[in-house]
Amino acid sequence: MKAFTRGILASVLMLSPVAAANAADRAIIVLDASGSMWGQIDGKPKLEIAREALRSVLTTISADTELGLMAYGHREKGSCTDIELVVPPAAGSASAITAAADSMKFLGKTPLSAAVKQAAEDLKYTEDKATVILITDGTRDVQRRSLRARQGT
């Protein structure tokens, strides 16, 4: 389970240069709330591990960062278009983000790429400094995409 947790955190940090001292002015956390998150590692649901990773990420982000939460797969079972900005970016939103994640249902498909793209667009990444933070159980897929992005392919 520790390896899985490290994988989630590695995915979060790989896609985002967020650190306590380097947080972007605006950021959206994209949370994988798909049905696969009910899978278990050492008897613990991956969704609980993801919620722990979320809390960990929230402690690294400056309170004055405008932070939001986007989720996918949390409203419609079997839907590949279920993406929602649950908490719009705002300073001091950590408690609202935690509450939203704690009450979320995990049941749909995994429109990971579309959710990350939508988050970047919502942040107007072409105009302003912005960070997208992804928390997912799909670490291999994320690592492949991140590697391709770095290689420019």
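Leu67 counts as buried at 4% relative accessibility, where buried means under 20% relative accessible area, exposed over 50% and partly exposed in between (1.4 Å probe, protein chains only). The model is predicted: local features need pLDDT of at least 70, side-chain atom pairs count only at pLDDT 80 or more, and totals for chains, interfaces and linings use all residues. Residues are numbered from 1 along each chain as its sequence is written, and side-chain values use heavy atoms, with hydrogens and water left out.

**Leu67 and Ser93**

Leu67 sits in strand E4; helices (H or I, at least four residues) and strands (E, at least two) are DSSP runs, numbered from the N terminus. Not counting residues up to four places away in sequence, Leu67 touches Ala27, Ile29, Leu58, Ile61, Pro88, Pro89, Ala90, Ser93 and Ile97, a contact being heavy atoms within 4.5 Å. The C-alpha atoms of Leu67 and Val87 are separated by 8.2 Å, and these residues are 20 residues apart along the chain.

Ser93 belongs to the loop between strand E5 (83-90) and helix H3 (94-103). With 8% relative accessibility, Ser93 also counts as buried. Leu67 and Val87 are the residues touched by Ser93, not counting those up to four places away in sequence. The side chain of Ser93 has a polar atom at the listed distance from each of two backbone oxygens. A polar contact is a pair of N or O atoms within 3.5 Å; within protein, one must be able to donate a hydrogen and the other to accept it, and residues adjacent in sequence count only if both atoms are side-chain atoms.

| Backbone oxygen | Partner | Distance |
|---|---|---|
| Leu67 | polar side-chain atom of Ser93 | 2.5 Å |
| Ala90 | polar side-chain atom of Ser93 | 3.0 Å |

**The sheet**

Strand E4 is part of an open sheet of 4 strands in the order E5-E4-E1-E6, with mixed pairing. E5 and E6 stand at the edges with a single partner strand each, so one side of each has no neighbour in the sheet. On average, neighbouring strands of this sheet are turned by 15° against each other, direction ignored. Two strands pair if DSSP finds at least two bridges between them.

E4 and E5 pair over 5 bridges in the antiparallel sense. Within E5, Glu84 stands opposite Ala71. At the other edge, strand E1 (residues 26-32) and E6 run parallel and are joined by 5 bridges. Val30 has Leu134 in E6 as its bridge partner.

Strand E6 (residues 131-135) is mostly covered, with 5 of its 5 residues buried. Thr131, Ile133 and Ile135 are buried on one side of E6, and Val132 and Leu134 are buried on the other, so both faces are covered.

**Helices**

Helix H3 has Ile97, Thr98, Ala100 and Ala101 among its buried residues. Seen down the axis of H3, the buried residues fall within an arc of 165°, so they line one face of the helix; the arc is that of the directions from the helix axis to the C-beta atoms. The exposed residues Ser95 and Ser103 are carried on the face of H3 turned away from its buried side. E1, helix H2 (46-60), strand E4 (66-72) and E5 are the elements against which the buried residues of H3 pack.

Two packed helices are described by the angle between their axes and the distance between the axes. For H2 and H3, the angle is about 175° and the axes are 11 Å apart. That makes H2 roughly antiparallel to H3. Axes are lines fitted to C-alpha atoms, for helices over the stretch in contact, and angles run from 0 to 180 degrees between N-to-C directions. Angles under 35 degrees count as roughly parallel, over 145 as roughly antiparallel, 65 to 115 as roughly perpendicular and the rest as oblique. Arg51, Leu54, Arg55 and Leu58 in H2 meet Ala94, Ile97, Thr98, Ala101 and Asp102 in H3.

In helix H4 (residues 112-122), the residues Leu112, Ala115, Ala119 and Ala120 are buried. They cover an arc of only 135° around the axis, which puts them on the same side of H4. Lys124, which follows H4, has a positive phi near 55°.

**The chain as a whole**

The secondary structure of the protein chain comes to 5 helices and 6 strands. From the N terminus on, the elements run α-β-β-β-α-β-β-α-α-β-α. Of the 153 residues in the protein chain, 43% are buried. Among contacts with a separation of 6 or more, 78% are between residues 24 or more positions apart.
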